[in-house]
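Reader: I'm fine at the bench, but a fold on a screen still puzzles me. Could you walk me through how to read one?

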Amino acid sequence: MSIRAPRKGENYELGVDLNSEYRDKRKDAIKRVIASMTVGKDVSGLFPDVLKNMQTDDLEQKKLVYLYLMNYAKTQPELVILAVNTFVKDSEDPNPLVRALAIRTMGCLRAERIIDYLCDPLQRALRDENPYVRKTAALCVAKLYDLKPSLVIDNGFLPRLHEMIADSNPMVVANTVAALTDIHAVATTAHPPVPPSDPAVFVITPQVLNKLLIALNECTEWGRVAVLNALARYVTQDEKESEHICERVVPQFQHVNGSVVLAAVKVIMIHMRGIHREDLVKQLIRKMAPPLVTLLSSPPEVQWVALRNINLLLQKRSDLLSSEMRVFFCKYNDPLYVKVEKLDIMVRLANDNNVDALLSELKEYASEVDVDFVRKSIKAIGQTAISIENSAERCVSVLLDLIGTRVSYVVQEAVVVMKDIFRKYPSTYEGIIPTLCANLEELDEPEAKASLIWIIGEYAEKIDNADELLSTFVDTFTEESYQVQLQTLTAVVKLFLKKPDSSQGVVQRVLNTATKDCDSPDVRDRAYIYWRLLSTDPGAAKTVVLAHRPPISIPRTTVSPVLLEELLGEISSLASVYHKPAETFIGHGRISADAVQRKGTELSDDQAFAQKAFRTVVAGQQAENLLDFDDAPTQEEPSGLAATQILPSTPAAANFFSGTSTNPLDDLVSIFGGMSTVGGNGGGGDSGLGGLGAWSTTSPPPTIASPLDNVVSSTVGQKPQEDLLGLF
């Protein structure tokens, strides 16, 4: 005895209405089923009842039933086969809308059982007299290729698609281009890749180019995007062809849809590479500016996408919007992400003519309530000072006004920016150092503290109380962040080298604290190096610590030139928004399959690079060990490439160079271990890294001497005037 479903509930009532003898009642029930499906309720149990209402002359009801079928075809694949007869019948209906609807729905079902029944109706649809049916069928071929490529190839759909590019209807041409582009993308990323002569590869010939240019102005907006993307892939034969394409694409700048505008910009930027006439290039750039400016009147989300693409374009063509600075001024109601992009673009557009207006605007932004935006505005002032030398004095004046506000986060960001300005223009704005030092108590962020400490150390000889200022940081050395500790250590050593008489106590305290009480190995290592330098060769210490540094500069681009060219070919896509290649965020595990294949071909190069690296390391090991605290002379040995001749004598090295090594760490230890048999351990038990040969499995590791012992041992035998131990 079978158990029947309870005769109650919403689904039961819908089932009853779906089987009603009244047409209106059945249609209303289908609408309620779709409504329930839309809000996430499970109505898959009504599949047979909905399927019964598929054969109807009511187009609205047929669309609703088809929508239901597309949603539940995967969960009810055995029942979908019952709808095949109706689909085939509808594909021959006199009404072109019904024919197109049937083809579209069959392509969207993605059910294995129904694919084979799709081929015959699709063949007829591709040759249908109505363009609406043909354009729908073109996209259906792309969906079918994604499901089962062999079926598309066996039925000859691809040659038919190539023929449809010459269709008289521009919408059919646009959809055909979109379908062929999708198939091309799938075919070229397949493994193994298809040969170039395969019909799945969409090769744009000069004949196809002319047909695309003719259809461009007649398509809908999304059709134009598809055609423009295809034009961007075309490889021109000569300069005249590049000029012709640019001339035909320029009118698309006036389109109301931002996607069409950006696609047109992409085509122009790509084909402008083949144009050598400077006057034409300038004319194209001039025509490109107004549509890009118009995009800034869009909603914030669209604005941000446009700004990211504009940022990329400016890195290639800095003169693109040189006279449009004011349109990028931030509005009070702009979201933060839009304001940040505008700031970056304004700094890129800054020049001697508009820098005053920019600084006035940035000074206003620095009084906003949004802390992040204020910080970025102050940073933009510093970038302007570094990139435009004539404006540096005005920028410093604005920064001093901001420091005078005594607002904590404003002062701290201004100090960080001033540090960069000092690095760009050394010994130019020393008069403002007292003002910066007066705000020492205001600083509580590591970056701001580190910046002021750097300034004090760099100009210690010109600051009377530099030792007192640095002593406050030495007193709290262990409590500070590693960034501040490193800067304090370096600044105190600079102070000692410039004013040795008044800073002996400070330098001894900071070195003792850094070597004994500090947790960071970076800080300890730097302290040991400074201690070693100061105790053995003050001249070398001065050369190293007070070395001349080149002035800093702001790079014109945020990406490499090669990557910039690649991203310009991806304008109006996510790659141009993220400023990253598509394979970094699309694919399996964010690394696409083709990228993995490329990596495979590069493995052979890695072996050569690794060998070269090992040879360099060995040469450096034999040339001079900077951390070897033993001053005993070592035996003269070969270095550089000559040294590599003895390396294969160790088993691990031989395995590495032959490519059979499996443990790089073992190889590295063995290779350096082998060096000890050649170069010796330097003759001392406390020889630091110079005695790596003694660190073998048969002997215990050497005892590490204390820093003070190292200093004492290194000073034995020196002249009294060279012995700096008395200073400590």
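**Reading helices and their neighbours**

Author: Let's start with one pair: the crossing of α26 and α27 is left-handed. Keep in mind that this is a predicted model.

Reader: Which residues of α26 and α27 make the contact?

Author: On the α26 side they are K449, I453 and I456, and on the α27 side A466, L469, L470 and F473.

Reader: And how do the two helices run relative to each other?

Author: Look at how near the axes come and at what angle. For α26 (residues 446-458) and α27 (residues 466-475), the axes come within 10 Å and cross at roughly 150°. Angles over 145 degrees count as roughly antiparallel, so α26 is roughly antiparallel to α27.

Reader: Got a second pair I can practise on?

Author: Sure. Helix α16 (residues 239-249) and helix α17 (residues 258-271) have axes that come within 9 Å and cross at roughly 160°. That makes α16 roughly antiparallel to α17. The crossing here is left-handed too.

Reader: Which residues of α16 and α17 meet?

Author: From α16 you have S242, I245, C246 and V249; they meet A264, V267, I268 and H271 of α17. As for the general idea, an α-helix has 3.6 residues a turn, so residues three or four places apart point the same way.

Reader: How do I check the length of a helix?

Author: Allow 1.5 Å a residue and compare the expected span with the model. Helix α30 (residues 521-536) has 16 residues and should span 22 Å; its end C-alpha atoms are 22 Å apart, so the two agree.

Reader: Which residues of α30 are buried?

Author: Buried means under 20% relative accessible area. In α30 that applies to V523, A527, Y530, W531, R532, L533, L534 and S535.

Reader: What about a residue in a loop?

Author: Try S572, which sits in the loop between α32 (561-568) and α33 (574-578). Its relative accessible area is 30%, so S572 is partly exposed. Now look for neighbours from elsewhere in the chain. Leaving out residues up to four places away in sequence, S572 touches L262, A263, K266 and N309. The C-alpha atoms of S572 and V261 are 9.0 Å apart, although 311 residues separate them along the chain.

Reader: And how does the whole protein look?

Author: There are 38 helices and 0 strands. Of its 728 residues, 45% count as buried. Take the contacts between residues at least 6 apart in sequence: 65% of them join residues at least 24 apart. Finally, the accessible surface comes to about 36,900 Å², with 53% belonging to carbon and sulfur atoms.

Note on methods: Residues are numbered from 1 along each chain as its sequence is written. This is a predicted model: local features need pLDDT of at least 70, side-chain atom pairs count only at pLDDT 80 or more; totals for chains, interfaces and linings use all residues. Side-chain values use heavy atoms; hydrogens and water are left out. Helices (H or I, at least four residues) and strands (E, at least two) are DSSP runs, numbered from the N terminus. Buried means under 20% relative accessible area, exposed over 50%, partly exposed in between (1.4 Å probe, protein chains only). Contact means heavy atoms within 4.5 Å. Accessible areas come from the Shrake-Rupley method with a 1.4 Å probe; for residues, only the protein chains shown count as cover. The expected span of a helix is 1.5 Å times one less than its number of residues. Axes are lines fitted to C-alpha atoms, for helices over the stretch in contact, and angles run from 0 to 180 degrees between N-to-C directions. Angles under 35 degrees count as roughly parallel, over 145 as roughly antiparallel, 65 to 115 as roughly perpendicular and the rest as oblique. A crossing is left-handed if the near helix is turned anticlockwise from the far one by less than a right angle, and right-handed if clockwise.
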